[in-house]
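Let's take a friendly walk through this fold, starting with its sheet and ending among its aromatic rings. Keep the viewer open and turn the model as you read.

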Amino acid sequence: LVDEELRKSMAETAILIAKLCRYEGAGTVEFLVDKQKNFYFLEMNTRLQVEHPVTELITGLDLVALQLDIAAGKKLPFSQTDLKINGHAIECRIYAEDPDNNFLPDTGLLNRHRVPGGPGVRMDAGIEERQSVTIHYDPMISKLSVHAATREQAIAKMIRALDEYEISGVRTTIPFCKFTMNERSFADGSYHTGFVKEIFENRQKAIPPELRPMAALISAIVYDTEETETHTPSAAGNGRASRWWQQRKYRS
């Protein structure tokens, strides 16, 4: 959706907004864009944005360090014209939420948390294996980001990273992230703000209620931490996966 002309216009508007209010520090101006590529001011986040790894991956800058330098009274070591975009980056927020239940937060002990890796894969995690996800804090477990030369390559890399990501103990948004990466409208850039309600939820409705637990089990690849150290994918009749499936079946 965002071509060079639109990107330049939005960037210039964001800079103008920051200058007009004499803003100093890291911040993000957000816009909404319509089908005719008209853009409208949505909000400004006067802080480091959750998606800052995307900016860092395509620019090579450390926004965390830069905002601390600005707070200490230092000047930025570059100008706007020095900035260049390199490749394409995507970030998935991995939350302890249940996508099949209106994304309600889930709590519990993180029995298993094995993160993906490899070239162009970045992981910013706020919790480790054997720690608990509680009701007292934001349910975000980690930010999984990838960087590649093109959008198509970045999507493929993210799909591989999501497939390698192993979490058990809480329900997560990994199945939703996988669905998004494999959805045609996301791949070709035609998705919109009604994506969850019109595409994801309709996909859910197409699955019979009695089969939704098994569909979620297959897409999430639940691992049974009570098995041997090889941690092979669990079938629905074994250990923790069986109890999880039975609970889902009861609720359905």
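Two strands are said to pair if DSSP finds at least two bridges between them. With that in mind, look at S8 and S10, which pair in the antiparallel sense over 5 bridges. A handy landmark here is Met123, which stands opposite Leu144 in S10. Please remember that this is a predicted model, and that what follows describes that prediction.

Now turn to the other partner of this arrangement. Strand S3 (residues 88-95) and strand S10 (residues 140-148) also pair in the antiparallel sense, over 8 bridges. Here you can use Ile90 as your marker, since Ile90 stands opposite Val146 in S10. Put together, 3 strands form an open sheet in the order S3-S10-S8, with antiparallel pairing. S3 and S8 (121-125) are the edge strands, each pairing on one side only. On average, neighbouring strands of this sheet are turned by 15° against each other, direction ignored.

Is S3, as an edge strand, enclosed or open to the outside? Of its 8 residues, 6 are buried, so S3 is largely enclosed by the rest of the structure. To see what packs against the sheet, bring the helices into view. Helix H2 (residues 52-59) lies across S3, S8 and S10, and runs at about 155° to S3. Helix H4 (residues 151-164) packs on the sheet as well, touching S3, S8 and S10, and its direction makes about 140° with that of S10.

Next comes the nonpolar interior. The largest nonpolar core has 24 residues, of which Ile94 and Leu162 touch the most other members. Which elements give two or more residues to this core? They are S3, S10, H4 and H5, and the largest share, 5 residues, comes from H4. Try selecting Leu162 and displaying what surrounds it: leaving aside residues up to four places away in sequence, Leu162 touches Cys92, Ile94, Leu144, Ile174, Cys177, Lys178 and Met181. Leu144 is a residue you have already met, as the one opposite Met123.

Let's finish with the aromatic rings. A pair of aromatic rings is described by the distance of the centres and the angle of the planes. Counting rings whose centres lie within 6.5 Å, the model has 8 aromatic pairs. One of them joins Phe176 and Phe200 edge-to-face, at 4.9 Å centre to centre and with 85° between the planes. Phe176 lies in helix H5 (residues 174-182) and Phe200 in helix H7 (residues 195-205), so this pair ties together parts that are 24 residues apart in sequence. How accessible are the two partners? Phe176 is buried, with a relative accessible area of 15%, and Phe200 is buried too, at 1%.

Phe200 has another ring partner in Phe179. Their centres are 5.2 Å apart and their planes stand at 70°; over 60 degrees counts as edge-to-face, so this pair is edge-to-face. Again the pair links distant parts of the chain, with Phe179 in helix H5 and Phe200 in helix H7, 21 residues apart. Both Phe179 and Phe200 are buried. Step back a little and you will find that ring pairs link Phe103, Phe176, Phe179, Phe195 and Phe200 into a cluster.

One last stop involves a charge and a ring: Arg151 lies over the face of Phe186, at 4.7 Å from the ring centre.

Conventions
Residues numbered from 1 in each chain as written. Predicted model: local features only at pLDDT ≥ 70, side-chain atom pairs only at ≥ 80, totals over all residues. Heavy atoms only, no water. Phe/Tyr/Trp six-rings, centres within 6.5 Å; stacked < 30°, edge-to-face > 60°. Helix = DSSP H or I, 4+ residues; strand = E, 2+ residues; numbered from the N terminus. Buried < 20%, exposed > 50% of the residue type's maximum accessible area, 1.4 Å probe, protein only. Lys NZ or Arg CZ within 6 Å of the ring centre and 35° of its normal. Axes fitted to C-alpha atoms, helices over the stretch in contact; angles between N-to-C directions. Contact = heavy atoms within 4.5 Å. Core = buried A, V, L, I, M, F, W, Y, C linked by side-chain atoms within 4.5 Å.
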